[in-house]
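Me: I've got a structure open and a few things I'd like to go through. Can you take some questions on it?

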Amino acid sequence: MTALRTLEAAAWAGEVAAAFVERLQSTPSLRVCLPTGATPIPVYDALAARIGRGDASFAQATVILLDEWLGLPPGDPARCDTRLRAQLLDRLPVPPAAVHTIEVDAPDLEATVARHAACSLDLDLVVLGLGINGHVGFNEPGSLPDSPTRVVRLAASSRRAAMARYGSATVPTAGITLGMDRILAARKVWLLVTGERKAGILRRALRDPEGPDCPASYLRRHRGLTVFTDSEAAALLG
Ligand code: F6R
């Protein structure tokens, strides 16, 4: 049963951050997988402020990066590791006990994939954004519930949507993503969705039969799924 929390846009980020603070308070050693993208930015702002005030701490938590582009140099502003550090991790007064980014600069990518799959076992929480084509992480359309952590070719719409925003000189065509298998095995999954332009795909993900054309639709089989949406993205849910 999907828990749907529809919030007013102005309150959305603060409410998601409050839920995150509660998770850290109840499970200080939280093992959490985090996305980048535009959607979580206001949540990370609100969360960094709450942590800065001492409401909770990441000191005992493990943070695992959801996905990463291939072909961008270390420090590139579009890299997911660069973004997560700038938007959240570097703003914490005490850093997390462990941070697992995805070692895309290592020579052996298969070994990188295997390491990422190994470190993302036993996740307490996976936080996700929703791609405009129904992807979660870089699990593009065609992904199945048992799709593993892997190197993926990115859909053209995903590349355009991301790189147009981040100002990278190169447009990567591939990435590494946490697999659907690991996402569905986590204790809790939070899907963050905001804005009118996501209303159609959110309706597809939650209301139409599940299927590989919209990998996010598979999240509904997870008993610990919470969808945090604003009223604009929820407009077509009826
Ligand atoms: C980002 C990621 C992507 C985004 C999705 C939504 O790490 O894995 O799946 O969550 O593309 O992106 P935004 O939030 O920019 O609309």
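Me: Which residue puts a backbone N or O atom 2.8 Å from an oxygen atom of the ligand?
Reply: Keep in mind that this is a predicted model. The atom on the protein side belongs to the backbone, and its partner is an oxygen atom of the ligand. At 2.8 Å the pair is within the 3.5 Å limit for a polar contact. The residue is Ala38.

Me: And how much of the ligand's accessible area does the protein cover?
Reply: On its own the ligand has 400 Å² of accessible area. The space it takes is the largest pocket. The share covered by the protein is 90%.

Me: What distance separates an oxygen atom of the ligand from an N or O atom in the side chain of His135?
Reply: His135 is one of the residues that come nearest, out of 15 around the ligand. Lys198 is in that group too, with a side-chain N or O atom 2.7 Å from a ligand oxygen. For the His135 side chain, the distance is 2.6 Å.

Me: Moving to helix α4, which residue caps its N-terminal end?
Reply: The helix covers residues 109–119, and its buried residues include Thr112 and His116. Those buried residues pack against several elements, among them β2, β7 and α6. At the N-terminal end, a side-chain oxygen lies 3.1 Å from the backbone nitrogen of Glu110, and it comes from Asp108.

Me: Is Arg204 buried or exposed?
Reply: Arg204 is in helix α7, residues 199–207. Beyond its close sequence neighbours within four places, Arg204 contacts residues including Pro209, Asp213 and Arg220. Its relative accessibility is 14%, under the 20% cut-off, so Arg204 counts as buried.

Key. Residues are numbered from 1 along each chain as its sequence is written. This is a predicted model: local features need pLDDT of at least 70, side-chain atom pairs count only at pLDDT 80 or more; totals for chains, interfaces and linings use all residues. Side-chain values use heavy atoms; hydrogens and water are left out. Buried means under 20% relative accessible area, exposed over 50%, partly exposed in between (1.4 Å probe, protein chains only). Helices (H or I, at least four residues) and strands (E, at least two) are DSSP runs, numbered from the N terminus. Contact means heavy atoms within 4.5 Å. A polar contact is a pair of N or O atoms within 3.5 Å; within protein, one must be able to donate a hydrogen and the other to accept it, and residues adjacent in sequence count only if both atoms are side-chain atoms. A residue is near a molecule or strand if one of its heavy atoms lies within 4 Å of it. Accessible areas come from the Shrake-Rupley method with a 1.4 Å probe; for residues, only the protein chains shown count as cover. On a 1 Å grid over the protein atoms alone, a cavity is a set of points where a 1.4 Å probe fits but cannot get out, and a pocket is an open set with protein on both sides within 12 Å along at least five of seven lines; lining residues have an atom within 4 Å of a point. A molecule sits in a cavity or pocket if more than half of its atoms lie within 2 Å of its grid points.
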